[in-house]
Amino acid sequence: MARFQYSFQAALAGLLGVGFSFFLSMGWFLVPSAQAGPIPSVALPVAYLPPGDAITDPNALLRYALPIDSPEIRKVQDKLEGLNYALRTKQWGRAKRDIYQSSKLIHRKRAAIVEAIPEERRSMADPLLEKMDSQLEVMEKAVKTKDLETLWASRRVTLNTIGDLEYLMVKGFPYEVPTEYDNLPQLKGRATIEFKTNEGPVIVVVDGYSAPITAGNFVDLVKRGFYDGMTFDRAEENYVLQTGDPDGPEAGFIDPKTQKYRAIPLEILVEGDEKPTYGATLEELGRFLEKPVLPFNSFGALAMARPESEPDGGSSQFFFFLFEPELTPAGLNLLDGRYAVFGYTIEGQDALDHMGRQGGKIISAKVVNGLDNLVEPKV
């Protein structure tokens, strides 16, 4: 199996006062190698990195990645996502204030929240808003008694309900994919994939709103049974778990219709952009300080592997990023902008962790939801 190894170069950051420039030189790569044997361990230069405060919850990352326009529901979400810190540090006053303000926002901005939903789906909003009201009441009572267990559980339920409400707000696919990629499958929405592995099930959500070509290629290959029976490369100390290289001379997928290697462009949607960039890393575009909508923040982030020198050379190989907070701090990972994340693991992190330590095998992979969002190639 062809391997994509990490080769880390020193990272350098300089920040001076007014009149001086801020510059950053960095180089973390996935480098192709046909050599067998274990991936070598490396020492990472991370002492210069400042502490990060990035979101690491995969469900939160997926919520924020939804293409919606509702500042009202986002304000409520921000407060409840941020409640994580107050609860962990037992800042009861702050927690009480944020819960109270969230409840007031829901009541004051209810009409605006509902109006952000397409009319044909608005009837589905009332039960969700009522559920949020109920859970926030539970949280208000729990914070008074400092009942952490109830607070964590109610917060999770409320945020999941917010995610359901936000999903109702999505108004179709938000942009046109360049026509030059019409020959590739595309995912115009989201899909859920279940891997059955020798260590247990792993469930991922892939996000076609942010990476329609990368996610579409992956869903198409899962549908074909392409990954069934494949083994994972051991992560060793490199914090990736990779698979997708079939037996044969080509390290990728050969389309049976064309008998050609299916190459997938590097596809990254940056926060604030209307559509993804293609064919170049953010560093190459001079945008290395900007944040992708789908960052390498979460354990089990799902990304497309590719030859280091070929941004558009990906095909079937993908990897799970095994997040290590000491060495790969969230919000500061230099893989962001170099490789395309297209989904997150929402269940089965323990199975990934075990396979990262001792290797593993995909018994089967199946699209359990969202297959109707897959658009077949036009040509």
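Strand E9 is covered on both faces: Val240 and Gln242 on one side, Leu241 and Thr243 on the other, are all buried. That is a handy way into this predicted model, since E9 (240-243) is also one of the edge strands of an open sheet, pairing on one side only. The protein chain has 8 helices and 18 strands, and of its 379 residues, 52% count as buried. Among contacts with a separation of 6 or more, 73% come from residues 24 or more positions apart.

**The sheet, from one edge to the other**

- The open sheet has 8 strands, and if you walk across it the order reads E8-E17-E6-E7-E16-E14-E15-E9, with antiparallel pairing.
- The two edges are strand E8 (231-232) and strand E9 (240-243), and each of them has a pairing partner on one side only.
- At the E9 edge, the neighbour is strand E15 (residues 318-321), joined to E9 by 4 bridges and running antiparallel to it.
- To find your place in that pairing, look at Gln242, whose bridge partner in E15 is Phe319; Gln242 is also one of the buried residues of E9.
- At the E8 edge, 2 bridges join E8 to E17, again antiparallel, and Thr231 has Lys361 as its bridge partner in E17.
- One step further in, strand E6 (residues 190-197) pairs with strand E17 (residues 360-369) over 6 bridges in the antiparallel sense.
- Two bridge partners let you check the register there: Glu194 goes with Lys366 of E17, and Thr197 goes with Ile362 of E17.

**What lies across the sheet**

- Helix H1 (residues 58-65) lies across E6, strand E7 (200-207) and strand E16 (341-347).
- Taken against E16, H1 runs at about 135°.

**The H5/H6 pair**

- Helix H5 (residues 125-145) and helix H6 (residues 148-169) pack with their axes 9 Å apart, at an angle of about 160°.
- Since angles over 145 degrees count as roughly antiparallel, H5 and H6 are therefore roughly antiparallel to each other.
- The crossing of these two helices is left-handed.
- On the H5 side, the contact is made by Ala125, Leu128, Leu129, Lys131, Met132, Gln135, Val138, Met139, Ala142 and Val143.
- On the H6 side, the residues include Thr150, Leu151, Ser154, Arg155, Val157 and Thr158, along with Thr161, Ile162, Asp164, Leu165 and Leu168.
- Sorted by type, the residues of this contact come out as 13 nonpolar, 5 polar and 3 charged.
- Gln135 is worth a look here: it lies in helix H5, and leaving aside neighbours within four places in sequence, it is in contact with Ser154, Val157 and Thr158.
- Gln135 has a relative accessible area of 17%, which puts it under the 20% cut-off, so it counts as buried.

**H2 against H5**

- The axes of helix H2 (residues 71-88) and H5 come within 14 Å and cross at roughly 35°.
- This crossing is left-handed too, as computed for H2 and H5.
- The residues in contact are Ile73, Val76, Leu80 and Leu83 of H2 with Met132, Leu136 and Met139 of H5.
- By type, that contact divides into 7 nonpolar residues, with no polar and no charged ones.
- Two H5 residues turn up in both lists: Met132 and Met139 meet H2, and Met132 and Met139 are also part of the contact with H6.

**Two residues to click on**

- Ser70 sits in the loop between H1 and H2.
- With a relative accessible area of 1%, Ser70 is buried.
- Not counting residues up to four places away in sequence, Ser70 touches Ala116 and Met169.
- Ser70 and Glu166 are 96 residues apart in sequence, while their C-alpha atoms are 8.5 Å apart in space.
- Asp350 lies in helix H8 (residues 349-358).
- Asp350 has 61% relative accessibility, and the cut-off for exposed is over 50%, so Asp350 counts as exposed.
- Asp350 and Glu199 are separated by 151 residues in sequence, with 8.4 Å from C-alpha to C-alpha.

Key:
Residues numbered from 1 in each chain as written. Predicted model: local features only at pLDDT ≥ 70, side-chain atom pairs only at ≥ 80, totals over all residues. Heavy atoms only, no water. Axes fitted to C-alpha atoms, helices over the stretch in contact; angles between N-to-C directions. Parallel < 35°, antiparallel > 145°, perpendicular 65-115°, else oblique. Left-handed = near helix turned anticlockwise from the far one by under 90°. Contact = heavy atoms within 4.5 Å. Nonpolar A, V, L, I, M, F, W, Y, C, P; charged D, E, K, R; others polar. Pairing = 2+ DSSP bridges. Buried < 20%, exposed > 50% of the residue type's maximum accessible area, 1.4 Å probe, protein only.
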